[in-house]
Every structure is written in structure tokens, then in C-alpha cells.
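Me: Please take a close look at a single part of this model. I am a first-year student, so plain wording would help.

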Amino acid sequence: MTNPTLALQIQTLPDGPGVYQYYDKEGKILYVGKAKNLKKRVSSYFNKIHDTAKTNVLVKKIITIKHIVVPTETDALLLENNLIKTLQPRYNVLLRDDKSYPWLCIKKEPFSRIFATRRMVKDGSEYFGPYTNFKTVHTILDLIKELYPLRTCNYDLSKSNIDSGKFKLCLEYHIGNCKGPCEGFETLEHYQKQVNAIREILKGNFKESMKDFKRLMTSYAQDMKYEEAQKIKEKIEILENYQSRSTIVNPKITNIDVFSIVSDESSAFVNFLQISHGSIIRSHTMEIKKKLEETDEELLELAIIELRERFQLLSKEVIVPFEVDLGEQIKITVPQLGDKKQILDLSIRNAKFYRIEQLKQLQIVDPDRHTNRIMAQMKSDLRLPVEPRHIECFDNSNIQGTNPVAACVVFKDGKASKKDYRHFNVKTVVGPDDFASMEEIVFRRYKRLLDENEPLPNLIIIDGGKGQLSSALKSIDALGLRGKIAIIGIAKRLEELFYPGDSVPLYLDKKSETLKVIQQLRNEAHRFGITFHRDKRSKSALNSSIENIPGIGEKTMLTLIQHFKSVKRLKLAAEKEIADVIGVSKAKKITDFYKTQK
């Protein structure tokens, strides 16, 4: 691939489902496609020569890739369908017949009919879907029919028509598929109860209906109608797996614009979704560079005005995550739940993905700028006098007082510098005293750095609360380093940061990059310390059993332990068994040794 910008765009695409759009150098749309995995699918266009000349020509023309992330593959399929019809890209098959996916309709009428349709009529009827799988539609209709006897005729079953005896019972009644509301054999109230149950099924709320399904299945089984029971079981399984509704196509939401914002210290990312006739027809994300301490409210207002003007949006309602002022002509909706909240969440998701991609691209193109941004952020968040380019983190590891050890890990420019990691055996402390251990290792670490004239860190992090921090401070004071190195303690449970002389801890935003770097340091110190502690414990356990056997080295003993799994089993083993593993002469030495121990 010759275009480095394109390569960068592909490198930072998300791995989830979505729809991708290819644009040429004039900004004209070339192609719309769906993907289960956006990164894999888009990459496949550029890493091979295609069989058709048309595809190779398309690939050469691509300059920009845009994408919209969605929750599921089904949503990607529906969104692709909408965008092809709306944008009519040059390299896509034209969907001019306007054949749409089927919906399930609950007709607004007395004794409502329920049927599949491709056409939506705005007469107050309810529509559920759309469904991308026709098998699902038929299965649901069959299951409804099986569970709830509903009418299939299209008579106007008004009270006056029924009372006047206008209609006669049909075959459906006689074979048990309908309870005969046309002749007044079923009340409207009873019929509508069934319709309400079906409505819940279509929304994906099966609990009550499941009881009915299982009751029906059990009754078939009791009557030894096992084939019928199995059919109901299969239908229940399909119903449990079906996706009730799509966020992407929703007839309840029409001609509305959705805006969301995700921001960090230096930038804000605003996503916009345009919804027309119940379908998403456009998605766009823009980045705004912050100049002052602008609030999300101010930035979103500016972005909405700019985007409405740019795309000539005329909708009278906008969906936003919080209240904004756009004048009296536009209705502002801040949804808390339901369909509109779902579509707002989708917009927020796209804004977040866009931000992550921009940061990844920045990291690849300009790693120094990425590092500088994080360092500046840490300096500000932790109230430090200088950027923490060199950080050291300490952790104690002792289990029930055995083999007390400690670890010091080092991060330079926000990344682990493993060659600078250090392990410490605690020498002067007897028993499990974490505070005294911390005091000893901090003193030893910085006494050595001072003696060897090595550079000191900008920040020391102590894994522990106030007690651990106070112990470390004693050593810092003893070495005359107070005020020269910033030092903080991090308590494990609530991620509280303690500062010397300050009784109130600092809490960082759980999503902040500063906290992530600190957590990374703490976890790395813990991992490094525990590994060293385990090695030491294993070695001391092994040494205790092998140090007194003359002529047997550590390697031989390890081979035996791996074979016999424990020293106890080795003691009980016959000389021939041991000889099979390490030879006759060594086996004799071991058995003779254990005989003298008895």
C-alpha cells in the first residue's frame, strides 16, 4: 500500500462490527460495506490483488475511510442497507426497487391481527423489527399461532357488526386456530390480553410467555405427543436467540439529529447521527481543539450549530446527553431510557471509538507528542513541580512472614524500563513488618543511587496507605531528599492517593490516563515482587531438602522432584525407581542418606 495516511487509518480501525465507507480524493462516496470485524474486512481490500478489475480500480481510488461502529452484525446489515439506498455509492449494487426488510405489525383495530409486512402504514399500528432473517419472522408467527389462537380474517370486527351477526365462523374456528370473535364467542378483553402478551414477546420480554410455552410443551409431553413437544422446544430456543429490535432502524424515531460529546484535557470529539424515516442515514465525528477551559456544554452547542449549518439539517428535535441552549425553535431531548437512549448510546460509542483511533494514530505517527501529553497531564493531575519522566514504585511481598522481599519497578517516559527494575531481600527486619521493610528498602535504594551519583526519580510511588508512606518518608528525610523528590502512596482498595502531611487523600477520575499509569506501575511492582518471592520460597524449600545429601547437585534434585512430585514420595521410592531416573550410583547415595535419617 503506497498511501501512508490510508495505512494509518486501517491500523487504528476497531475490531468490532460496523459499516465502512470509502471516499475518493474529491470526497465522493465510492462504496459502503458491512463487517463483522471492521479492521480485518477493510485490511483485506489492501493486502492482495483482487480477481475482478473493478475491485482493483476501486481500491486505487480510495483516499479516505470512514466507519460507524454498531452493537451487532444484524445492525451492520441494516445500516449498510440504509446507507446504500440513501447515498447510492458508485461501486455498490443499486437498491432501487426499495425492497425493505420485513416487520411484524400489530394492527390498530378491534381484535388486532398480527402479520408480517414490508410496508409501513401510519395508522397507529405498531411495527416491530426489522428482521434480517425471514426464518425468524415465520418462526415467531408460527409460535404466536401455536400459543395464542388469533384471527387471520380481515373483517371489521366492530361491536355493531358482531352484534348484528354480519359474519359467520370459518374453518379456522373449527380446526381450533381461532376462538370465533366474529360471532361473539371470545370477548375483546380476553383477546387483547393475548395481544399484550405477544407485544411483550416482540419486545424481547419473554418471562410470562415462557411459562405459557413451557406449560404447552409439558402438556404435549404428558399426552405423549413427543414430536409436538419437541417442535415447541425448538421454537422456544429460536425465540430465545432472536434479536428483538434494531437500534439502527426504528420507526418510533424519525427526522431527529443525535449529538454526543467525549472529551479529554486537550480535545473534544463530537459525534452526530442523522435519522430520517426511522433509519440512520449519516454519521459524522469532528474533533475540537480546546483553547481555554471550555465546558462540554459550550463545545457541544458550538458543534451542533456548526454541523447543522454544514449539513443543512432542518430537524425540529435533537437528542443530546445533557441540556444545551439552541434557541426556542429546536426541541431538546435528554433521554434517560428507551429507544432514544439507545440511539444516544450508539452515538457516544462512535465518539469514543473515534477518540481512541486518533490517540492511536498520534502514538504511531508522533510517539513523543503522545508521551509529552501524558507527562503534562500527570504533572497537572498529581500537582507535581516537574513532569514525572522517571517514576519508581515500591512493593513489599511477604507471606506469613516468610522470605520478606521487596520490588522496585521503574517507568521512564510513561513506559516500563525493565533493565532498571530491582529486587531486594529484606535484611534488618525480623518477622512480617511491612512498615520497617519499606523503610529499609527505600533507604537502601536511594543511598546507593546517591553514592553512585545516579539520577534520582521525579516521583516515588509507595504501594500502600499512610503507614507505608510515613515509613518511606523516614528514609527520604534521613537521606536529606525531602523536597527534592515527590512521593505519594496509593491505597489498594479505593485507589486513594496520599501525600506527605496531607490527611485527605486525592481521588483521580477512574478513567484518567494518570490513574491508569499509576495502576500499571503498582500492578507491575506487585507482579515483579510476587515472582521473586515465589522463586525464593521454592528455592528455600528445595534447599532445605537437598543441602545435606553429599554428591547430589541441585539439578539432579530438581529432576527427581519433577518426576516424583514431592520429597516425601522420593523418600518412599525404591532404589530401582530412583535409578531409572538418575542412574545407579546417585540413586544409592540418596537411599543411603534417607536410611541414616530414619
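Reply: What follows describes one sheet and a helix beside it, and then a single serine elsewhere in the chain. The model is predicted.

The sheet is open and is formed by 3 strands, in the order 2-1-3, with antiparallel pairing. At its edges are strand 2, residues 29-35, and strand 3, residues 64-69, each of which pairs on one side only. From one strand to the next, the twist averages 20 degrees.

Strand 1 covers residues 18-23 and pairs with strand 2 in the antiparallel sense over 6 bridges. One position shows how the two strands line up: Tyr-20 stands opposite Gly-33, which belongs to strand 2. Helix 4, made of residues 73-87, packs on this sheet and touches strand 1, strand 2 and strand 3. The direction of helix 4 makes about 165 degrees with that of strand 2.

Now to the serine. Ser-260 is part of strand 7, which runs over residues 256-263. The relative accessibility of Ser-260 is 0%, and buried means under 20%, so Ser-260 counts as buried. A polar atom of the Ser-260 side chain lies 3.3 Å from the backbone nitrogen of Ile-348. Ile-348 is also among the residues in contact with Ser-260 once neighbours within four places in sequence are left aside. That list also includes Phe-269, Val-270 and Asn-271, as well as Leu-300 and Pro-321. Leu-344, Ser-347 and Ala-351 are in contact with Ser-260 too.

Key. Residues are numbered from 1 along each chain as its sequence is written. This is a predicted model: local features need pLDDT of at least 70, side-chain atom pairs count only at pLDDT 80 or more; totals for chains, interfaces and linings use all residues. Side-chain values use heavy atoms; hydrogens and water are left out. Two strands pair if DSSP finds at least two bridges between them. Helices (H or I, at least four residues) and strands (E, at least two) are DSSP runs, numbered from the N terminus. Axes are lines fitted to C-alpha atoms, for helices over the stretch in contact, and angles run from 0 to 180 degrees between N-to-C directions. Contact means heavy atoms within 4.5 Å. Buried means under 20% relative accessible area, exposed over 50%, partly exposed in between (1.4 Å probe, protein chains only). A polar contact is a pair of N or O atoms within 3.5 Å; within protein, one must be able to donate a hydrogen and the other to accept it, and residues adjacent in sequence count only if both atoms are side-chain atoms.
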